[in-house]
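Visitor: Please choose one part of this model and take me through it closely, residue by residue where that helps. I would like the backbone treated with as much care as the side chains.

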Amino acid sequence: MIRLWGRKSSINVQKVLWCLAELGFEEGKDFEQIDAGLHFGKNRTPEFLALNPNGLVPTLEDGELVLWESNTILRYLARQHDQSKRFTADITTQYQSEKWMDWQLGTMWPALRPAFLGLTRVPENERNYVAIQKAYQDTNTLLALLDQQLATQAYCSGNTFQIGDITLALCVSRWILLNQTFPDKTGPRPQLHNIDAWMKRIEEGTQYHVVAEKEFNIAK
Ligand SMILES: N[C@@H](CCC(=O)N[C@@H](CS)C(=O)NCC(=O)O)C(=O)O
């Protein structure tokens, strides 16, 4: 049975949980999830560090194979466990999806992360609100690029839902929730209509509900 280490409030663990749901894996039957990280601890133990020397989640065990880096875990699951072959796209679609996955990890999340961590993890009296608002506004500019892409196609890499959409949608949902929860701290959020329509398609047509959040809750 696949074993997934990581608390369910982590964006990177949620990528894996969502992907497993898309592939038809049921928790407790096809995979085991172990709470680890933040207040759950366990991620600095010698046992865990032997699996992932970074001490971070998610970490996945599938038989002898141990993987960390959430986007790589998604690539592996889509290659190894996709019975229906819905993630076995033509080469153009596959690499457009890969491109957005790298953009999510290397560009978009680093931009939004200071706002996310600043507002949800840093105590109120220690927050740098100037840096938080700048991070949020920089993310607005970046997301206009995704919105532009979604003007001509239903999903990030073409007309089918791919793993790239999983990685992006979890960042976008945090971007929306941050503004809804702390509107005066993030500053304005532009209406990006193509992103709104894409999120609606995802909410209605995928397993997004297994990780969807209405509030920030690091306790779970
Ligand atoms: N690039 C890594 C980042 C992993 C990461 O930063 N994980 C965070 C949670 S999102 C973590 O383990 N934080 C420490 C903790 O939760 O205690 C990935 O995509 O998997």
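Guide: Helices and strands here are DSSP runs, a helix having at least four residues and a strand at least two, and they are numbered from the N terminus. With that convention in place, the part I would choose in this predicted model is the surroundings of the ligand, together with the loops that bear on them.

The shell around the ligand consists of Ser10, Ile11, Asn12, Gly37, Leu38, Asn43, Leu56, Val57, Pro58, Glu69, Ser70 and Asn71. Two elements each give two or more residues to this shell, namely α1, which covers residues 11-22, and α3, which covers residues 70-80. Sorted by class, the shell around the ligand holds six polar residues, five nonpolar ones and one charged residue.

The backbone of this region deserves attention in its own right. In general, most peptide bonds are trans, and most residues other than glycine have a negative phi. Within the shell, Val57 and Pro58 are both listed around the ligand, and the peptide bond that joins valine 57 to proline 58 is cis, with omega at about 5°. Proline 58 belongs to the loop between α2 (46-51) and β3 (59-62).

Glutamate 69, also a member of the shell, has a phi near 80°, which is a positive value in a residue other than glycine. Its place is the loop between β4 (65-68) and α3. Is glutamate 69 buried, exposed or partly exposed? A residue is buried if 20 or more other C-beta atoms lie within 10 Å of its own, and exposed if 12 or fewer do; glutamate 69 has 17 C-beta neighbours inside 10 Å, and therefore counts as partly exposed.

Asn43 is another residue of the shell around the ligand, and the residue numbered just before it, lysine 42, invites a similar reading. Lysine 42 is found in the loop between β2 (31-34) and α2, and its phi is near 75°, again a positive value in a residue other than glycine. Because lysine 42 has 16 C-beta neighbours inside 10 Å, lysine 42 counts as partly exposed.

To draw the backbone points together, the cis bond lies between valine 57 and proline 58, while positive phi values occur at lysine 42 and at glutamate 69. Of these residues, Val57, Pro58 and Glu69 are named in the shell around the ligand.

Technical notes. Residues numbered from 1 in each chain as written. Predicted model: local features only at pLDDT ≥ 70, side-chain atom pairs only at ≥ 80, totals over all residues. Near = placed C-beta within 6 Å. Nonpolar A, V, L, I, M, F, W, Y, C, P; charged D, E, K, R; others polar.
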